[in-house]
Amino acid sequence: MNSNTTGIFHLPNLCLIAGNGRNSGKTGFAEALISRYSGHRPLIGLKVTSILPGEGSFHGSHSHFEAGEGFEIIQEVLTDGVKDTSRMLVAGATAVYYIRAHDHILEQAMKAFLDKIDSNAVIVCESGSLRKVVKPGIFVLILNPLNIKSRSLSWKDHADLIIEADEPQKAKEFVTAISLNENGWQLCS
């Protein structure tokens, strides 16, 4: 983990995938990426939910999260393919984790997660909020015109790859635009 002067740390082995709402194709894209590269190197799947007031409808059916809890890191063990994290495991991830954190302590939660894994681990992560504290090797933004999460529009300025897909399954077609090498995730030239 490299840190720069702004406090955002650089993780070249992290591919960060965000979308402008639920059902935009983030998990399908993550699955395709994991499936494509899991035979080359061990990959860790990660889903991060940043809790902000008024955005409950964007976070699916997770159990209630109390304000006093701060953050939690849960390792996925089920391979039933029901939850996004389970789907990443089925796609070939070596391990998959779910982080739920209040937005103001997202950096603390991510540092706790990084302490749990190998420092050279390759990570495929679903999260937009995490971009505030991490500069990934690649930041992918998937835009579905049927979903609108207003704060996702600010992520456009930081995205390395913007995919516009009106159907979630179309997003995974763009997985070939990304490569993984000894320097981490990169856009194909």
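This report describes the fold, two helices, the aromatic pairs and the charged side chains of a predicted model.

**Overall fold**

The chain contains four helices and ten strands. Read from the N terminus, these elements follow the order β-β-α-β-β-α-β-α-β-β-β-α-β-β. Of the 189 residues in the chain, 50% are buried. If contacts are restricted to residues at least 6 apart in sequence, 71% of them join residues at least 24 apart.

**Helix α1**

Helix α1 covers residues 26–37. An ideal rise of 1.5 Å a residue predicts a span of 16 Å for its twelve residues, and the end C-alpha atoms lie 17 Å apart, which agrees. Nine of the twelve residues are buried, so α1 is largely enclosed by the rest of the structure. The buried residues of α1 are K26, T27, G28, F29, A30, A32, L33, I34 and Y37. E31, which belongs to α1 as well, is partly exposed because its relative accessible area is 22%, above the 20% under which a residue counts as buried.

**Helix α3**

Helix α3 spans residues 106–116. Its buried residues are L106, A109, M110, F113 and L114. Viewed down the helix axis, these residues fall within an arc of 135 degrees, so they line one face of α3. The buried residues of α3 pack against six strands, namely β2 (9–19), β3, β4, β5, β6 and β7.

**Aromatic pairs**

A pair of aromatic rings is described by the distance of the centres and the angle of the planes. The structure holds two such pairs. In one, the ring centres of Y37 and W185 are 5.4 Å apart and the planes stand at 85 degrees; that angle is over 60 degrees, so the pair is edge-to-face. Y37 sits in helix α1 and W185 in strand β10 (residues 184–187), so this pair connects positions 148 residues apart. Y37 is buried, with a relative accessible area of 9%, and W185 is buried too, at 2%.

Y97 and F113 make up another pair, also edge-to-face, with 5.4 Å from centre to centre and 70 degrees between the planes. Here Y97 comes from strand β5 (residues 95–102) and F113 from helix α3, 16 residues apart. Both Y97 and F113 are buried. F113 is also one of the buried residues of α3, whose partners in packing include β5.

**Salt bridges**

A search of the whole structure finds eight salt bridges. Three of them are listed below with the closest N to O distance.

| Salt bridge | N to O distance |
|---|---|
| E31 and R87 | 2.7 Å |
| K47 and E126 | 3.6 Å |
| E72 and R100 | 2.3 Å |

The bridge between E31 and R87 joins helix α1 to helix α2 (residues 84–91), across 56 residues of sequence. R87 is partly exposed, with 27% relative accessibility.

K47 lies in strand β3 (residues 43–51) and E126 in strand β6, so their bridge ties together parts that are 79 residues apart in sequence. Both K47 and E126 are buried.

E72, in strand β4 (residues 71–75), and R100, in strand β5, are 28 residues apart. E72 is partly exposed, with a relative accessible area of 22%, whereas R100 is buried at 6%.

Some of these residues belong to a network: E31, K47, D84, R87 and E126 are linked by salt bridges.

**A buried arginine without a salt bridge**

R131 is found in the loop between β6 (122–126) and β7 (134–143). R131 is buried but forms no salt bridge. The nearest side chain of opposite charge belongs to D160, at 6.4 Å. A salt bridge needs a side-chain nitrogen within 4 Å of a carboxyl oxygen, so the separation of 6.4 Å does not qualify. Leaving aside residues up to four places away in sequence, R131 touches I8, L16, P136, F139 and H158. R100 is likewise buried, but R100 does meet E72 in a salt bridge.

Conventions: Residues are numbered from 1 along each chain as its sequence is written. This is a predicted model: local features need pLDDT of at least 70, side-chain atom pairs count only at pLDDT 80 or more; totals for chains, interfaces and linings use all residues. Side-chain values use heavy atoms; hydrogens and water are left out. Helices (H or I, at least four residues) and strands (E, at least two) are DSSP runs, numbered from the N terminus. Buried means under 20% relative accessible area, exposed over 50%, partly exposed in between (1.4 Å probe, protein chains only). Lys and Arg count as positive and Asp and Glu as negative; His and the chain ends are not counted. Contact means heavy atoms within 4.5 Å. Rings of Phe, Tyr and Trp (its six-membered ring) pair if their centres lie within 6.5 Å; planes under 30 degrees apart count as stacked, over 60 as edge-to-face and the rest as tilted. The expected span of a helix is 1.5 Å times one less than its number of residues. The arc is that of the directions from the helix axis to the C-beta atoms.
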